[in-house]
Amino acid sequence: MDDKTTKGATTPAGAPATGDKAGQPKIRITGLRKSFGDNEVLSGIDLDVQPGEVVCVIGPSGSGKSTMLRCINRLEEPTSGDIVIDGESICAPGADVDRIRRHLGMVFQQFNLFPHYSVRENLTYAPVQLKLMGQAEADKVAMDLLARVGMADKADAMPRSLSGGQQQRVAIARALAMQPDIMLFDEPTSALDPEMVHEVLDVMRELADDGMTMVIVTHEMGFAHDVADRVIFIDGGVIVEQGDPEQVMHHPRNERTKSFLSKVL
């Protein structure tokens, strides 16, 4: 795997990443539990993600991977435990969740683009409505990001006219338009036809090369091996094994990890 110690710490739109303090992780999860009724999906997750680190999360369906990701930005309310983003707890009573969320961009399995807005308008809507940028600045950032993901020529197109891979690239650009310094990806290629998967993974590889802190739930094992600084295997709501991709994926220590990888590799 490539040495990533030289990765930078700027956002793709060119703004410096915020909130970094010496020795402080970008994300710190401690004792995270999440239950839906009597079903405990997360059973005590402890995880630090360092600035510029790419963490790929693998595991069987129903293991809690996506629930963990959704808890990080409070799309799901944790049952107990704490999640600290850039030194601020997003779970604390009275926490300004919307402000803390601005550190985070999230890309889902489904593209969730606004169908009645053009591609460019999908990118500019939130920054302008939240008064983070004026319209002219938002338009410039949007065009820069669309060029970055290879979609500048589709700026005035409507989402329905795009392929799945194109829509997911626009969804990534839309998340980046808020200038986050952490990106969360929830199986972003699972809804794509196989020939479109590489379009999205190539964009994610570029983000990794540029030093974006990322947590990626994925079933793309080759991508995880090549891009991740660390691979985490979750099963039964707990982190069963973690380490560098070569160790976890080719020399796993846990029998459950070995069993899972024997089926997917």
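Which helices and strands each supply at least two residues of the lining of the largest pocket? Keep that in mind as we walk through this predicted model, starting with the chain as a whole.

The UniProt annotation, from an unreviewed entry, places a "domain: ABC transporter" on residues 27-261. Over that stretch the chain is 36% helix and 26% strand, and the C-alpha atoms at its two ends lie 27 Å apart.

Now for the pocket. Its volume is about 690 Å³, and 25 residues line it. The elements that each give at least two of the lining residues are helix H2 (97-101), strand S6 (104-107), helix H3 (119-129) and helix H5. Of these, H3 gives the most, with 6 residues. Leu104, Gly105, Met106, Ala126 and Met178 lie nearest the centre of the pocket. By kind, the lining divides into 15 nonpolar, 6 polar and 4 charged residues.

Helix H5 deserves a visit of its own. It runs over residues 164-176, and because a helix should extend 1.5 Å a residue, its 13 residues should span 18 Å. The end C-alpha atoms of H5 are 19 Å apart, which agrees. H5 is also mostly covered, with 13 of its 13 residues buried.

Our last stop is Asn73, in the loop between helix H1 (65-72) and strand S4 (80-85). Is Asn73 buried or exposed? Its relative accessibility is 6%, so Asn73 counts as buried, the cut-off being under 20%. Beyond its neighbours within four places in sequence, Asn73 is in contact with Ile90, Arg101, Leu104, Met106 and Leu184. Two of these names, Leu104 and Met106, bring us back to the pocket, where they are among the residues nearest its centre.

Note on methods. Residues are numbered from 1 along each chain as its sequence is written. This is a predicted model: local features need pLDDT of at least 70, side-chain atom pairs count only at pLDDT 80 or more; totals for chains, interfaces and linings use all residues. Side-chain values use heavy atoms; hydrogens and water are left out. UniProt positions are given in the numbering used here, feature names are shortened, and annotations may be inferred rather than shown by experiment. Helices (H or I, at least four residues) and strands (E, at least two) are DSSP runs, numbered from the N terminus. The expected span of a helix is 1.5 Å times one less than its number of residues. Buried means under 20% relative accessible area, exposed over 50%, partly exposed in between (1.4 Å probe, protein chains only). Contact means heavy atoms within 4.5 Å. On a 1 Å grid over the protein atoms alone, a cavity is a set of points where a 1.4 Å probe fits but cannot get out, and a pocket is an open set with protein on both sides within 12 Å along at least five of seven lines; lining residues have an atom within 4 Å of a point. Grid points are joined across faces, edges and corners, and a volume is the space filled by probe spheres set on the points. Ala, Val, Leu, Ile, Met, Phe, Trp, Tyr, Cys and Pro count as nonpolar, Asp, Glu, Lys and Arg as charged, and the others, Gly among them, as polar.
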